[in-house]
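Trainee: Please take me slowly through one part of this model, the surroundings of the ligand, and explain each term as you use it.

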Amino acid sequence: MPQPAVLTGLGAYLPPRRVSNEELADRFDTTDEWITSRTGIRTRRWADPGISTSDLAVEAGHRALKSAGLVPEPGAVDLVVLATTTPDHPCPATAPDVAARLGLGAPGAFDISAVCSGFLYALDTASNAILAGRARSVLVIGAETYSTILNPQDRTTSVIFGDGAGAAVLTAGEEGQTGAFQGFDLGSDGQQKDLICIPAGGSRQRSQGTAPAPGDEFFTMRGREVFLSAVQRMTESSQSLLDRLGWSTDSVGHLVGHQANSRILRAVAEQLGVPAERAVVNLDQVGNTSAASIPLALADAAADGRLVPGERLLLTAFGGGLTWGSAALTWPDIVPA
Ligand code: UT7
């Protein structure tokens, strides 16, 4: 009998350095008023020099294991799946290093590259491994150090993104158990790959045999086009999952969307018919943390008691690729660390 994946632990970690809109207004041709009104972001965290994605991932992973009541030791989990846009290196993946530093022995460990949708892709992968009986416990991490890929000449992206990591433990459980994942919806459109891109550093650029153009090593985004697609895809993906599960919008306790822009979150909630107070927003404090965004938002909402055990949660995200996805679960009775 297949056993569903159940969320049994959640952890979050933010690097200590806060970067306010005011600080960015000293460095870029921008204002607190522009950033707040266009994005909803007031502050974000950036990692100190020398800190990389694996450092944040290890912290968040530790906390998630603790929240799940697991001791970080060999055999504690069967798989470590790390979603990131900012791996420590192009090769090898960052997950094996994180697993080793957590003292988890020799679990399967790999990265998932789906930009801001990465955490939902990773949850789906973990859930499928459990459903197939290939794993009993999986550590899923979303971790980013976007501050390392932002172009210091680009005010638009530099004011949006923040660093951070969130992690979840998924364990084989029982049908109907609170915390059980109920379904996923994933999608992509590679024809729009140029909307969000780091042009240099991969085989496409290296195969040209010439040095990359200045700035091509940095993250680029065509914001306006991404905005419209993000609203459309997150709404459609969410609705399609709700329809498949037979869940009415009214039955959803909270909508936890990828924290890209408060105007996007408002538009998605409105189009789905979810009241604004049931849409979780924490981007004002952390900015857009890409693959870490969903677990950080969940941890935030759980920490202040907004999420009630047993309530239905709808998660939805959108990112480069283009990629998007949604997940449905009931909220478990856990204390995030
Ligand atoms: O996480 C993955 C998915 N990402 C997203 O979903 C992000 C989606 N996009 C967005 O959130 C928004 O498009 C942005 C926040 C990136 C930009 O907001 P916008 O309202 O779409 O602004 P815009 O790009 O259309 O630019 C409007 C104006 C421009 O000036 P002109 O041409 O109207 O004179 C920009 O040059 O705002 C200017 N601008 C800025 N002004 C002050 C752009 N960035 C800034 C800035 N400070 N930081």
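Mentor: To sort residues by character, we count Ala, Val, Leu, Ile, Met, Phe, Trp, Tyr, Cys and Pro as nonpolar, Asp, Glu, Lys and Arg as charged, and the others, Gly among them, as polar. The model is predicted, and local features need pLDDT of at least 70, side-chain atom pairs count only at pLDDT 80 or more, while totals for chains, interfaces and linings use all residues. Residues are numbered from 1 along each chain as its sequence is written, and side-chain values use heavy atoms, with hydrogens and water left out.

The shell around the ligand holds 23 residues, each with a heavy atom within 4 Å of the ligand, and the closest are T30, R38, R224, N261 and N288. By character, the shell divides into eleven nonpolar, seven polar and five charged residues.

Some side chains make polar contacts, that is, pairs of N or O atoms within 3.5 Å. An oxygen atom of the ligand lies 3.2 Å from a side-chain N or O atom of W34, while for R155 such a distance is 3.0 Å and for R224 it is 2.4 Å. On its own the ligand has 950 Å² of accessible area, of which the protein covers 77%, as computed by the Shrake-Rupley method with a 1.4 Å probe.

The elements that give two or more residues to this shell are α2 (32-39), α6 (155-158), α8 (223-245) and α9 (262-272), where helices are DSSP runs (H or I) of at least four residues, numbered from the N terminus. Of these, α8 gives the most, with five residues.

Methods. A polar contact is a pair of N or O atoms within 3.5 Å; within protein, one must be able to donate a hydrogen and the other to accept it, and residues adjacent in sequence count only if both atoms are side-chain atoms.
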